[in-house]
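Welcome! Take a moment to look over the structure below, then use this short briefing as a guide to how its parts meet.

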Amino acid sequence: MVEAQARTAQPILSANRISKSFGEIPVLFSIDFDVAPGEVHAIIGENGAGKSTLIKILSGIEQPTSGSIAYDGQTVVLPPDGKAEAMGIVLIHQELNLAEHLTVADSIFLGRELKRGPFLDVGEMRRQAAATMETLHVHVDPDARISSLSVADKQMVEIAKAISRDARVLIMDEPTAVLSVGETQTLFEQIRRLTARGVAVVFISHKLDEIMELANRVTVLRDGQLIATVGTEALTPDSIAQMMVGRELSNLYPPKHEPDVDAPVLLSVRNLSTKSVSNISFDLRKGEILGFAGLIGSGRTAVAEAVVGLTHKTGGDITLNGASVDFSRVAQSVHAGVAYMTKDRKGKGLLLNMGLRDNLTLLTLEKHMRMGFIDTASEDRALDRAVRRFDIRARDAAVAVGRLSGGNQQKLMLGKTMESEPDIIIMDEPTRGIDVGTKQQIYHIIAALAAEGKAVIVISSELQEVIGLSHRVVVMRTGRIAGVLEGAEITEEEIMRYAAGIKQSGNDERISA
Amino acid sequence: MSVSAPEVAPKARSGFRWDLKTVGPLLALALLVLLGITLNENFLSYNNITNVLARSSFIGIIAIGATFVITAGGLDLSVGSMAAVIAGVMIMVMNWLIPVMGVGWGVILAGMAAGILLGGVAGVGNGLMITRGRIEAFIVTLGTMGIFRSLVTFLADGGTLSLNFQVADVYRPVYYDGLLGIPYPILVFALVAIGGEIVMRRTSFGRHCAAIGSNEQVARYSSISVDNVRLITYILQGLLVAVAVLLYVPRLGSASSTTGVLWELEAIAAVIIGGTTLKGGYGRVWGTVVGVVILGLIGNILNLQSFISPYLNGAFQGVIIILAVLLQRPRRAS
């Protein structure tokens, strides 16, 4: 019913023949876009297709170079710096914009605090915040500090903030990129409640199945051009993907080459425990891709960080090539040939204000030293190699890495990790927030590494990815290994059964399968 | 952010970016020199220039240490008081040793060694409290600033510590003489600056400082020993303060509670004018040198003319600092 309504309703926000250039560089070419009350309109496209620029224009943060915006049928110039919020257009950024030290109630009323006389009306704000959270069916204490919340809850606070501002258009930049499956479903329920109340939702996602599930219409962008705006019912995930990249994506995942049955075990972890995980045991063989699945917060990253010495382990043994090791610093694990690639490329992986070269060699600077000094020519050669091998695209090597698209950042981070020439590579969410074309490239790189005789651990929240890549899958739940799957057992349903705690295998049963 | 069309495979090159951020401080320096020449014909004279540079060299040497501290995301407010206490202790050590060693270079070298040692120890103290104690650099060095200042007052018993006249006569040339007409302080300043620039640009220590100041987490995940690198920046700062004091003591031959007052702020100002970002992540030593010279020239030019009161020196310096940061502010992300 909501859908039918969306079809007939007048658009609340529309962009007419919007073009945008940054300096000399055109980013968007004459884009038409609109969204109606009660409708979910998804925008999809590869990294660099112009999605972020489009929503920045729709929310007033950027002004179009040409073309116009109409709101409620009136041509308007949206005020910059988020002031369009007062008009009812709210953008929720991919990196949530919440002050970590404020409470939930403070955050919801930030910038328009309720007052009694000259003083803050704390009680009333708390009451209204609680009421807003109530309408969302979210159970978050209005007095909780933002820093104490999970990412999913923080997102709910952002949504509550938007609702309390009477948002009529809610624009979300990849809201599900950091959410687990369950959290995504909760978010979608919220979005459906909002659209039922007549809110228009614009939504960027890389996940085709989510778009099929949630959106009424989909706009596909490619290289700044509008490829199509189509009703979701006329689409299949394949046809969207094809429109995005302009080519067939027949083999997103490379064929799996099983490791030899007698391939030696490179890494063996026994009863590893830290503050957040306990009793973790698994083996990793030469040439193997071992998937780590589980909900967000199930401890997968904690295991990886404990193995490479980023976090302190409270117990357990790690054996590398048959020799017992105990890394307390990352430098030790890097020297031993174990590299960890973080999932947080902006916060922990790359120096966003620096150029490509300094980032690439940061982990392995000692390789480029000559008589105590950095040999920049040697670094430049390494960058040339990495650019070719990982197909990194940037205007020039001096451009700050923060200005690259997510996919190119990810490929640069992969290059940086591989500079240490590891035998064992632990990749945490290797394709988070990047486009299908780049994902495919990364999948093929991972498969090639395994085929070369490296051993790879892939931690991923995308089940398809874990299934498509892994020879075996470790499923984690609440800091423990819930099960290890291999061969035909590796299915979405089976992984979810373990991840959700419906099924549980004995601890030692299948450790060294 | 997402610009796709022009993204082509980058050519690796260590190019020089010719933008306002780079030329800004140089441009300001050139303008000041031009202004100086128009105001007074003696401005470019050998005496005037060596005088300005020699006086700037103390702050300059300290500011080069501060460049590393700030690039690595730290701050050291204690350098001015540290300089005073090092000067005081050096003078006391030299005076004590005269009965034992007699007047001569032996006493002076012993005093210098004591100064360097004290600078290093003070740096280790600051650094350990910040890295191992996990206390904000601002708080730690604010604390040690007070401690050092009060120590020098205590050692001087509220008055002035004076170096024995005969020793002072032997020591004097270190400030007033020079090589090939260039005073020693300027030579030392130049050596420290060249060394500092090389360390910042061409060693892993310099690169690691920038990485830590840019994002400590990234540095940690990239196998950099964040605490050690930080600690070394504070030790380096302490040692450079001591080097500056070695050149300062022969100038006046005394130390008191007013020695080195506000040096920390002048050093930080020079670093910022030079284009190093106060929150860390990017530093350039040559910029700091330019910054120090700019600050020195402002005072000098005010003294060489008669239209504006030289008492407004601080105001002009303040304006320059604010302008420098304003011009170097990153343009809004597009």
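The area buried between chain B and chain A is about 4,100 Å², and carbon and sulfur atoms give 55% of it. Keep in mind as you read that this is a predicted model. The points below start with the meeting of the two chains and then turn to the domains of chain A.

**Where chain B meets chain A**

- On the chain B side, 37 residues are in contact with 58 residues of chain A.
- There are 2 salt bridges between chain B and chain A.
- You can look for the salt bridge between A:E379 and B:R207, where the closest N and O atoms are 2.7 Å apart.
- Polar contacts also cross this interface: 8 residue pairs are found, with both residues at pLDDT 80 or more.
- Three elements of chain B, α8 (184–202), α9 (204–214) and α10 (216–221), each give two or more residues to the side that touches chain A.
- Of that side, α9(B) supplies the largest share, with 6 residues.
- Sorted by class, the side of chain B that touches chain A holds 14 nonpolar, 14 polar and 9 charged residues.

**The domains of chain A**

- Chain A is assigned domain 1 (2–245), domain 2 (263–337 + 423–505) and domain 3 (352–421).
- The centres of domain 1 and domain 2 of chain A, taken over C-alpha atoms, lie 34 Å apart.
- Their contact takes 13 residues from domain 1 of chain A and 10 residues from domain 2 of chain A.

**Where domain 1 meets domain 2 in chain A**

- These two domains bury about 980 Å² between them, with 64% given by carbon and sulfur atoms.
- The rule finds 0 salt bridges across this interface.
- It also finds 0 residue pairs in polar contact there, counting pairs with both residues at pLDDT 80 or more.
- The side of domain 1 that touches domain 2 divides into 5 nonpolar, 4 polar and 4 charged residues.

Definitions and conventions: Residues numbered from 1 in each chain as written. Chains lettered and ligands numbered in written order. Predicted model: local features only at pLDDT ≥ 70, side-chain atom pairs only at ≥ 80, totals over all residues. Heavy atoms only, no water. Contact = heavy atoms within 4.5 Å. Buried area = accessible area lost by both parts, 1.4 Å probe. Salt bridge = Lys/Arg side-chain N within 4 Å of Asp/Glu carboxyl O. Polar contact = N/O pair within 3.5 Å; in protein donor to acceptor, adjacent residues only side chain to side chain. Helix = DSSP H or I, 4+ residues; strand = E, 2+ residues; numbered from the N terminus. Nonpolar A, V, L, I, M, F, W, Y, C, P; charged D, E, K, R; others polar. Domains from an automatic or database assignment.
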